Amino acid sequence: MPYNSRFLFLFGLLFLLYGGAAQAAAADPAAGYAPPATAPPASPAAKEETMSQLMVGDIAVTIISDGYRDLETKLFLAKSPDQEAAVKEIYPQGRTRNSLNVFLIKTGRELTLVDTGGGALLGPGVGNLPKVLAAVGVAPADITRVVITHVHRDHIGGLALNGVAAFPNATILLSKAEHDFWLNPDNEAQASERARATFATTREMLGLYAGKVRTVTLDEEILPGVALIAADGHTPGHRALLVRSKGQNLLIWGDLLHGLALQLARPDIAIGFDSDPAAAVESRKTLLTRAAKENWLVTGVHVPGPEAYRIRAQGNGFELRQ
Ligand SMILES: [Zn+2]
């Protein structure tokens, strides 16, 4: 693909080293995730890429794999026999290996991260971001902005490294809706025990960047050509990023989809992590429709890869196109 000049880093050893160890049970919206039961085989999974790079006009985007976890597919909210059949057909094993990606955007001299992976919060299968950044010659101190699509721990865990701010020179940007919801003690008091962990982690992680957390309004351009756009439903203030330059567009959709194969074909199927499943379905349909119509490149935190795709409408849903 001409837009996608890719640099393959073969980190098979990482999987042998990091796969397969036990992990304490999760206690927040990521609770359905578990580490892989066994390390992926040495081949061909050992040839997994840990990053790929592409240009969106003048803007360089690196898609970085922070790691992988198994996802139990019963977490998809199949509400009808038809939806249940769709989940079973695509995931007959009841589990799927789920990617955890992070994005690095280079605009001029600015280096901006989008989400941070799980850091030390999710066990040994993830948390590879620092190693991959080092491999591409980026020091943590070089990162000037970190955009958080939403505050689930597989997105904010990497804000900490050994208990301190992993990116000492970075400003943290997130939507005002997300920030205000998760830092509101009244919401926390009313939350389920499971959701309370997210409140605590958010406080802890953002607390490492005291005075350097900035809220962003809808459609605000945070960098030339880069804006946060509405993707409500997964969390109260979940946002996607639209990267535009010289007529090219890349949608970084955060957690708009958790299972690419399923939710492209069936955008009507939500997942248990969604705080408002109906709103999440609407956001998915709206953004996928726009991406297909306007021929955007698309990528997300949980798409297989690290990779970007193009999609087209197909029946009541969508499919990948070459
Ligand atoms: Zn996620």
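Over residues 1–47 the pLDDT stays under 50, and for this stretch the model has 82 contacts beyond four places in sequence. Where pLDDT is low, the predicted coordinates should not be read in detail. This is a predicted model, and across the protein chain the pLDDT averages 87, with 85% of the residues scoring at least 70.

**The chain as a whole**

The protein chain contains nine helices and 19 strands, and of its 322 residues 47% count as buried. Among the contacts between residues at least 6 apart in sequence, 72% join residues at least 24 apart.

**An open sheet and the nonpolar cores**

One part of the structure to trace by eye is an open sheet of five strands, whose order is β12-β13-β14-β15-β17 and whose pairing is mixed. Its edge strands, β12 (221–223) and β17 (297–299), each pair on one side only, and neighbouring strands in this sheet are turned by 25° against each other on average, with direction ignored. Within the sheet, β14 (residues 239–245) and β15 (residues 248–252) pair in the antiparallel sense over five bridges, and Ser 245 stands opposite Gln 248 in β15.

The largest nonpolar core has 62 residues, and those with the most contacts inside it are Val 243 and Leu 251. Leaving aside residues up to four places away in sequence, Leu 251 touches Ala 240, Leu 242, Leu 287, Ala 291, Trp 296 and Val 298. Another core, of nine residues, lies apart from the largest one, and Phe 76, Val 87, Ile 271 and Phe 273 are among its members.

**A strand covered on both faces**

In a regular strand the side chains alternate between the two faces of the sheet. Strand β7 (residues 145–148) is covered on both faces, since Arg 145 and Val 147 on one side and Val 146 and Ile 148 on the other are all buried. Strand β6 (residues 110–114) pairs with β7 in the parallel sense over three bridges, and Leu 113 stands opposite Val 146 in β7.

**Helices α7 and α5**

Helix α7 (residues 193–207) has 15 residues and reaches 21 Å from its first C-alpha to its last, close to the 21 Å expected at 1.5 Å a residue. Its buried residues are Ala 197, Thr 198, Phe 199, Thr 201, Thr 202, Met 205 and Leu 206, and they pack against α4 (153–156), β8 (160–161), β10 (171–175), α5, α6 (185–190) and β11 (213–216).

Helix α5 (residues 176–182) holds Ala 177, which is buried because 20 other C-beta atoms lie within 10 Å. Not counting residues up to four places away in sequence, Ala 177 touches Pro 236 and Gly 237; although Ala 177 and Gly 237 are 60 residues apart in sequence, they are 4.6 Å apart in space, C-alpha to C-alpha.

**Backbone details in loops**

Most residues other than glycine have a negative phi, and most peptide bonds are trans. The table sets out two residues with a positive phi.

| Residue | Phi | Loop | Exposure |
|---|---|---|---|
| Asn 162 | near 55° | between β8 and β9 (164–165) | exposed, 7 other C-beta atoms within 10 Å |
| Asn 295 | near 55° | between α9 (277–293) and β17 | exposed, 12 other C-beta atoms within 10 Å |

The peptide bond from Gly 305 to Pro 306 is cis, with omega near 10°, and Pro 306 is found in the loop between β17 and β18 (310–314).

Notes. Residues numbered from 1 in each chain as written. Predicted model: local features only at pLDDT ≥ 70, side-chain atom pairs only at ≥ 80, totals over all residues. pLDDT = per-residue confidence, 0-100. Contact = placed C-beta atoms within 7 Å. Pairing = 2+ DSSP bridges. Helix = DSSP H or I, 4+ residues; strand = E, 2+ residues; numbered from the N terminus. Axes fitted to C-alpha atoms, helices over the stretch in contact; angles between N-to-C directions. Expected span 1.5 Å × (residues − 1). Core = buried A, V, L, I, M, F, W, Y, C linked by C-beta atoms within 7 Å.
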